[in-house]
Amino acid sequence: MVISSALIIWKGLICITGSESPVVVVLSGSMEPGFKRGDILFLYMNRDPIRAGQIVVFNDGRDVPIVHRVIEVHEQRDNKEADILTKGDANLYDDRMLYTSSNRWLQQKYIMGRAVGFLPYVGWLTIIMTDKPIIKYILLGALGLLVIISKE
Amino acid sequence: MCVIASLSDNLNIPSPSAEIQIMNINWFQKQPKGSDEVSLTMNISADLQSLFTWNTKQVFIFVAAEYETRKNSLNQVSLWDAIIPAKERAKFWIRSSNKYRFVDHGKNLRGKEFNLTLHWHVMPKTGKMFADKIVMSGYSLPEEYI
């Protein structure tokens, strides 16, 4: 019952925010001091064009998506396709060397969402569970116990 | 709690102001690879104190050059940015050359008219982020490389 309602809320969030990952955990310090490791970001995606200053989450075929700020946009007149450059607030250099495409620009299609709000610290739970799996098992065990007990 | 924080942020009506002067075009050339690049020095003054609320962690600001070319309906190039960590530091004056390279997507910059926009991004302690900008127009680059 708990799990299915959690799933419904999750799917509902995906629907409302228009993003495949409506919530992400900040994993690195490249956007400090604004976002710190462990913060949770709320994402929203729509057809509005990407503009400089927006904080976007993108994945151009890497293991983990990146959350950085757009610092350059060159949008073509005829087809509205845009070449985009991003950079972490705390990084000295832009992301050009990171992009997997040989083009050296980021395309709009790789952007999964824009960060619109955030909650500090809460994501630490998922980071701890990945770094120390034992905690994940303890939590899952506790959750399982809760389910069994509540069924009574 | 997140929602309440954002609701109170919504009640704040900010009245920011800013002014940017281009003190000097340091140099303006075509790169060996072919794109135009310019280096300039700006005087940036602003009063962004009204953006801060009890829920504001920091305000990220940046100055971008915005212009059109034949191929692109919009080009935005960030030239300079800063983080304002507290209300006391939100009224300032600074002279700086561009922190990031002003490079075109081509060779279109000679005689180019452009806007300078000061963007700000209010990052809360928790909740919704706000962003807006002031557009200042009337700037232009030299007709010839220097």
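Ala, Val, Leu, Ile, Met, Phe, Trp, Tyr, Cys and Pro count here as nonpolar, Asp, Glu, Lys and Arg as charged, and the others, Gly among them, as polar. The structure is a predicted model, in which local features need pLDDT of at least 70, side-chain atom pairs count only at pLDDT 80 or more, and totals for chains, interfaces and linings use all residues. Residues are numbered from 1 along each chain as its sequence is written, chains are lettered from A, and side-chain values use heavy atoms, without hydrogens and water.

The largest cavity (points on a 1 Å grid over the protein atoms alone where a 1.4 Å probe fits but cannot get out) has a volume of about 30 Å³. Its lining (residues with an atom within 4 Å of a point) comprises A:R69, A:I71, A:K87, A:G88, A:D89, B:F60 and B:D81. Two of these residues are nonpolar, one is polar and four are charged. The charged end of A:R69 sits over the ring of B:F60, 3.6 Å from its centre. This term requires NZ of Lys or CZ of Arg within 6 Å of the ring centre and within 35 degrees of the ring normal.

Ring pairs link B:Y67, B:F102, B:F114 and B:Y139 into a cluster. Rings of Phe, Tyr and Trp (its six-membered ring) pair if their centres lie within 6.5 Å; planes under 30 degrees apart are stacked, over 60 edge-to-face, and the rest tilted. Seven aromatic pairs occur over all chains. B:Y67 and B:F102 form a tilted pair, because their centres are 6.0 Å apart and their planes at 45°. B:F102 and B:F114 pair edge-to-face, at 6.0 Å and 80°.

Technical notes. 1 Å grid on protein atoms, 1.4 Å probe; cavity = no way out; pocket = protein on both sides within 12 Å on 5 of 7 lines; lining within 4 Å. Points joined across faces, edges and corners; volume = space filled by probe spheres on them.
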